[in-house]
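Here is a walk through one protein model, written for someone who would rather think in residues than in file formats. Keep the structure open while you read.

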Amino acid sequence: MIKSLTSIFAVLFVSFASFSVSAAPVNVNKASVEEIADSLPGIGPAKAMAISEHCKKIKCTKADDLLTVKGIGEKTLAKISADLRFKDSK
């Protein structure tokens, strides 16, 4: 009985923890390196810095603009594209 309750609580904990890790949309033209890293799944500080520098150099207007950033390929872009923003929403 105790073992099954422990298993149930473990499953519930993992389920709730995964919801708190979800990414939030981020405007890559204005966000800080930390905001980019925190908001985009699979993007750490180094790639976040590269994205930030790239979008400051050439204002990014679409997801494909990030394909020229070192370390951002089609697979990575597919993972992060839903969380990318290029202008402020009104």
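Which hand does the link of C55 and C60 have, going by the angle about the S-S bond? The link is left-handed, with -95 degrees about that bond. Keep in mind that this is a predicted model, so every value here is computed from predicted atoms.

**The disulfide**

The sulfur atoms of C55 and C60 sit 2.4 Å apart, and they form a disulfide. A search of the whole structure turns up one such link. Both partners are tucked away: C55 is buried, and C60 is buried too.

**The overall picture**

Stepping back, the protein has four helices and two strands. Along the sequence they come in the order α-β-α-α-α-β. Of its 90 residues, 31% are buried. The accessible surface comes to about 6,400 Å², and carbon and sulfur atoms account for 64% of that. Among contacts with a separation of 6 or more, 43% are between residues 24 or more positions apart.

How confident is the predictor, on average? The mean pLDDT of the protein is 83, and 72% of the residues score at least 70. One stretch to treat with care is residues 10–20, where pLDDT stays under 50. For that stretch the model shows zero contacts beyond four places in sequence.

**The nonpolar core**

As a rule, nonpolar side chains in soluble globular proteins tend to be buried together. Here, the largest nonpolar core has 20 residues. The residues with the most contacts inside it are V28, I36, L40, I43, I51, L66 and L84. Helices α2 (33–39), α3 and α4 (74–80) each give at least two residues to this core.

V28 is a good place to start looking. This residue lies in the loop between β1 (26–27) and α2. V28 counts as buried because its relative accessible area is 1%, under the 20% cut-off. Setting aside neighbours within four places in sequence, V28 is in contact with I36, L40, I51, C55, L84, R85 and F86. That list includes C55, one of the two disulfide partners. In space, the C-alpha atoms of V28 and E53 are 9.7 Å apart, with their positions 25 residues apart in sequence.

Next comes I36, one of the contacts of V28. Beyond four places in sequence, I36 is in contact with V26, V28, A31, I43, A48, I51 and S52.

From there you can hop to S52, which sits in helix α3 (residues 45–57). Outside the four-place window, S52 touches A31, V33 and I36. S52 is buried, with a relative accessible area of 3%.

L66 is another core residue with many contacts inside the core, and its place is the loop between α3 and α4. Which residues does L66 touch, not counting those up to four places away in sequence? They are I51, H54, C55, C60, I72, L77, I80 and L84. Both disulfide cysteines, C55 and C60, appear in that list. The C-alpha atoms of L66 and V28 are 9.9 Å apart, though the two residues are 38 apart along the chain.

**A loop glycine and a salt bridge**

G71 is also in the loop between α3 and α4. Leaving out residues up to four places away, G71 touches K47 and T76. Its C-alpha atom is separated by 9.6 Å from that of I43, 28 residues away along the chain.

In general, side chains of opposite charge can pair when their charged atoms come close. The count for this protein is one salt bridge. The side chains of D65 and K62 form it, at 3.0 Å from N to O. Is D65 buried or exposed? D65 is buried, at 14% relative accessible area, while K62 is partly exposed at 45%.

Here are the accessibility values for the residues discussed above:

| Residue | Relative accessible area | Class |
|---|---|---|
| L66 | 0% | buried |
| V28 | 1% | buried |
| S52 | 3% | buried |
| D65 | 14% | buried |
| G71 | 43% | partly exposed |
| K62 | 45% | partly exposed |

Terms used. Residues are numbered from 1 along each chain as its sequence is written. This is a predicted model: local features need pLDDT of at least 70, side-chain atom pairs count only at pLDDT 80 or more; totals for chains, interfaces and linings use all residues. Side-chain values use heavy atoms; hydrogens and water are left out. A disulfide is a pair of cysteine sulfur atoms within 2.5 Å. Buried means under 20% relative accessible area, exposed over 50%, partly exposed in between (1.4 Å probe, protein chains only). A salt bridge is a side-chain nitrogen of Lys or Arg within 4 Å of a carboxyl oxygen of Asp or Glu. Contact means heavy atoms within 4.5 Å. Accessible areas come from the Shrake-Rupley method with a 1.4 Å probe; for residues, only the protein chains shown count as cover. pLDDT is the predictor's confidence in each residue, from 0 to 100. A nonpolar core is a set of buried Ala, Val, Leu, Ile, Met, Phe, Trp, Tyr and Cys residues joined through side-chain atoms within 4.5 Å.
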